[in-house]
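Dear colleague,

Please find below the structure I am handing over to you, followed by a summary of what was found in it.

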Amino acid sequence: MVRSVERQKEGLVFALVWIHLLAAVVWVGGMVFLSVVLVPVLKEDGGFARHGALFRKAAYRFRALVWGAMGILVVTGSVLAIGRAIPLTDPSQWPSMFMTKIGLVTVLFTLTLLHDLVVGPQVRRILGTAEATRSARDRLLVRYSVLVPRVSLLVALVVLLAAVVLART
C-alpha cells in the first residue's frame, strides 16, 4: 500500500513536470518562432507591409496560447514548489535559485503584460495613422517597440537556464 502511494505521488510529480515543461516549450518556442523565423521572413523585400495582417493574426493566436501557458506554469509551478517543501507564502525561506527564477518569471510576466496591453495596442494605433501625422514620441515608440519581445525572449531563455539549475539542486 505504501509503495502504491509513493508510485502515485511519483506519477503525479512526473505529470506535473511534463505539463510545466510543455507550457514553457509552447511559450518560449513560440517566441523563438515569431522572432527568429516569422518576422525575418516577412521583412524580406519589404514584405512586412504586405503581410502585416498575417503577422497580426499569428500573434493574436499565439497570445491566447501564451496566456494559457502562463496560467498552467503558475499552477504547476506552485504545486511542484509545495511538493519540494518550499513555503510559497514565506519568501525569506526560499532557496536562492528559486527566488532567482521567480524574480525572472515576474520580469517576464511584466514584459508580456506590457507588450500585450500597452505597447502593442499603442503601436497598432500609431501604425493605423498616416506617417506624416505621427509625433516624435509615436515614431520613437514604433522604432523601439521591437525591444520588448526581444528582451522577453532573452529573459525567457534565462528563466529556462534557472529552471535547469533549480531542477539539479
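Beyond its neighbours within four places in sequence, M31 is in contact with F62, P149, S152, L153 and A156. Please bear in mind that this is a predicted model.

M31 also belongs to the largest nonpolar core, which has 25 residues. Together with W27, F62 and L108, M31 is among the residues with the most contacts inside that core. Four helices, α1 (2-43), α3 (52-83), α4 (96-127) and α6 (147-167), each supply at least two of the core residues. The greatest contribution comes from α1, which gives eight residues. Another core, of five residues, lies apart from this one, and its members include A81, I86, W94 and L166. In soluble globular proteins, nonpolar side chains tend to be buried together.

On the surface, there is a nonpolar patch of about 670 Å². The residues that make this patch are F14, W18, I19, L22, V26, L65 and I72. Both α1 and α3 supply at least two residues of the patch, and α1 accounts for the largest share, with five residues. Helix α1 thus gives the most to the largest core and also the largest share of the nonpolar patch.

One patch residue may serve as an example. F14 is found in helix α1. Its relative accessibility is 63%, and F14 therefore counts as exposed, the cut-off for that class being over 50%.

With kind regards

How values were computed
Residues are numbered from 1 along each chain as its sequence is written. This is a predicted model: local features need pLDDT of at least 70, side-chain atom pairs count only at pLDDT 80 or more; totals for chains, interfaces and linings use all residues. Side-chain values use heavy atoms; hydrogens and water are left out. A nonpolar core is a set of buried Ala, Val, Leu, Ile, Met, Phe, Trp, Tyr and Cys residues joined through side-chain atoms within 4.5 Å. Buried means under 20% relative accessible area, exposed over 50%, partly exposed in between (1.4 Å probe, protein chains only). Contact means heavy atoms within 4.5 Å. Patches are made of residues with over 30% relative accessible area and no salt bridge: like charges are joined within 9 Å, nonpolar side chains (Val, Leu, Ile, Met, Phe, Trp, Tyr) within 5 Å. Accessible areas come from the Shrake-Rupley method with a 1.4 Å probe; for residues, only the protein chains shown count as cover. A salt bridge is a side-chain nitrogen of Lys or Arg within 4 Å of a carboxyl oxygen of Asp or Glu.
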